[in-house]
Structure formats: C-alpha cells, structure tokens
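Work through the exercises below with the structure at hand. Each task is followed by a worked solution.

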Amino acid sequence: MGDDSWAIETSLKKSDNATVVSKNSWVYMATMTVDFLCIILPILLFFTVLAKWTLICAILMVLVLLFSIIAKRFTSSHYSLGEGTNFLRTNISSYRVSMMIVTCLCILAVDFRIFPRRYAKTETYGTSLMDLGVGSFVLANALVSHQARNIPSMKWKTALKSTSPLIFLGFCRLVFTAGVDYQVHVGEYGVHWNFFFTLAAVSILTSIVNLPPQYCGILGSIILIGYQSCLMNGLNMYLLSDKRGLDLISQNKEGIFSIFAKMG
C-alpha cells in the first residue's frame, strides 16, 4: 500500500509540473505575441507603409504617454526612492531594447524600395535616422558606464578585456565581408574600420579616463569644441576627400577620427 501511494503521489506531482510548464509556455507565447503586435509591428509600419504619417503618430503616442504618466502620478499615493531607481533602470532597459529593434529593422529594410530614402545614411552633410545609430549605442553605453554608476575607472587591461567581444565581432565582420566580396561603402568608416571597432575604441578610451563624473561633461564639451574647430579648419575636407594614402590611418580616416566625436 505504501509503494502504491508513493507512486500515485509521484504521478500527481509530475502531472502538476507538466501542467505548470504548459501554462508557462502559453503565457510566454502570449507575451511574445503582444510584444510583437504592440512594439515591433508599429515600428515596422512607421518605417514602411506609414512613413508619411510618422510625425502625426509620434505626436499622438507622446500625448498618450504623457497622459498615462500624469494619471499614474495622481493615482499613486506614495513614491519612494527605491521605486524611482527601479523606474529609471526600467526606462534605460526599454530604451536600449527599442534602439536595438530600430537598428535591426533599419539594417534589414534599407535594401528595399518601400523603405524611405530619407531614413538612409547621408553621404556628406545632413542627418538621417540611420545616422543616429552609432550615436545611440554610444549614449546607451554612457547611461550604464562606470562614470554614470560612480564606479572607479578601470585599468586599460580590464577595459580591453571587457571590449574584447566588440573587437572580435569587428574582425569577424572584416573577414566575412572581404571573404564574400560584400559591397562596403568606404566613405562611412573607411577600408577596414567598422561599427564594432568604433564602439570598442570609445569604450576603452572612456574607461581609462580617471576623471570624477561631475567633470565628464566639461571634458566632453572640450573634446567636441576642439573637434568642431578642427573640422572648420580643414579636417572636414580631408575626411570628405576620396584620396587615401597607404597608411592605416589614411585608409580608415572616417572611422578613426569619428572616435573623438563619439567620445565627446
């Protein structure tokens, strides 16, 4: 009798576990479906068939968002510092996820005619949606950097180790694009440089800067002013010129000099 009751109890536990797993799977699929319909699909539509009404839709979404925030503030009876910290972290995570979704959709859609050309990267002057890609990633990294979290600066070896995945991806992209003879626009980053090398270089340089967080804005402003001064005094002509030397810097002048702008 004891063995039979133990076998029945074990069978019931397995059945309960199977039911819980099945419910969790359905909940997961339902959540994924809702996220796709409410987040990814609207962004995809704004980049394609609803491109002409993007501004109007964005204004309406901002108004709805402001209304929901105001309503939540009035209905909430208490507010603690811990909730504020969690709210900030949630917003930063949401921004990084949205930025990644927009980046992936733009990269995939830019080769299709339905994607508006005004969203594609500019050749010389001007700014478009895809021009904001690298800057958005740099901003996202800055929001979670050691300066933003009041963490002491890292040594250059530690910084190099933390950015090794980006460096690895950069070399992989270089090898694969050269191996399949994929068309690469050299006017964007240069002959060998790419997006991953830029992120790695900015991360390494900012990580080894031993400067209190309250002075980082001053240093960034100095770098930007100095870089803009150099552009106005002839550097822009050098960067926009099609002439390239045989040295590594000249071959990748666009990507290397853009590090200072991203760092600022």
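**Exercise 1.** Which residues in α6 meet which residues in α8?

Solution. The model is a predicted one.
Step 1: on the α6 side, the residues are Leu166, Ile167, Leu169, Gly170, Phe171 and Arg173.
Step 2: on the α8 side, they are Phe196, Phe197, Leu199 and Ala200.
Step 3: sorted by class, the residues of this contact comprise eight nonpolar, one polar and one charged.

**Exercise 2.** Determine how α6 and α8 are oriented towards each other.

Solution. Two packed helices are described by the angle between their axes and by the distance between those axes.
Step 1: locate the helices; α6 covers residues 164–179 and α8 covers residues 195–207.
Step 2: take the two values, an angle of about 155° and axes 8 Å apart.
Step 3: angles over 145 degrees count as roughly antiparallel, so α6 is roughly antiparallel to α8.
Step 4: add the handedness; α6 and α8 cross in a left-handed way.

**Exercise 3.** Describe the packing of α8 and α11, and list the residues that make the contact.

Solution. Step 1: helix α11 spans residues 253–263, and its axis comes within 9 Å of that of α8, with a crossing at roughly 50°.
Step 2: this angle lies neither under 35 degrees, nor over 145, nor in the range 65 to 115, and α8 and α11 are therefore oblique to each other.
Step 3: the crossing of α8 and α11 is right-handed.
Step 4: α8 contributes Thr198, Ala201, Val202, Leu205 and Thr206, while α11 contributes Gly255, Ser258, Ile259, Lys262 and Met263.
Step 5: the classes in the contact of α8 with α11 are five nonpolar, four polar and one charged.

**Exercise 4.** Is Arg173 buried, partly exposed or exposed? Place this residue and list its contacts.

Solution. Step 1: Arg173 sits in helix α6.
Step 2: its relative accessible area is 34%. Buried would need under 20% and exposed over 50%, so Arg173 is partly exposed.
Step 3: setting aside neighbours within four places in sequence, Arg173 is in contact with Asn194 and Phe196.
Step 4: from Arg173 to His192 the C-alpha distance is 9.6 Å, with their positions 19 residues apart in sequence.

**Exercise 5.** What is the secondary structure of the protein chain, and what percentage of its residues is buried?

Solution. Step 1: the protein chain has 11 helices and zero strands.
Step 2: of its 264 residues, 23% are buried.
Step 3: the protein chain exposes about 19100 Å², of which carbon and sulfur atoms supply 70%.

Conventions: Residues numbered from 1 in each chain as written. Predicted model: local features only at pLDDT ≥ 70, side-chain atom pairs only at ≥ 80, totals over all residues. Heavy atoms only, no water. Helix = DSSP H or I, 4+ residues; strand = E, 2+ residues; numbered from the N terminus. Buried < 20%, exposed > 50% of the residue type's maximum accessible area, 1.4 Å probe, protein only. Areas by Shrake-Rupley, 256 points an atom, 1.4 Å probe, with all protein chains shown as cover. Axes fitted to C-alpha atoms, helices over the stretch in contact; angles between N-to-C directions. Left-handed = near helix turned anticlockwise from the far one by under 90°. Contact = heavy atoms within 4.5 Å. Nonpolar A, V, L, I, M, F, W, Y, C, P; charged D, E, K, R; others polar.
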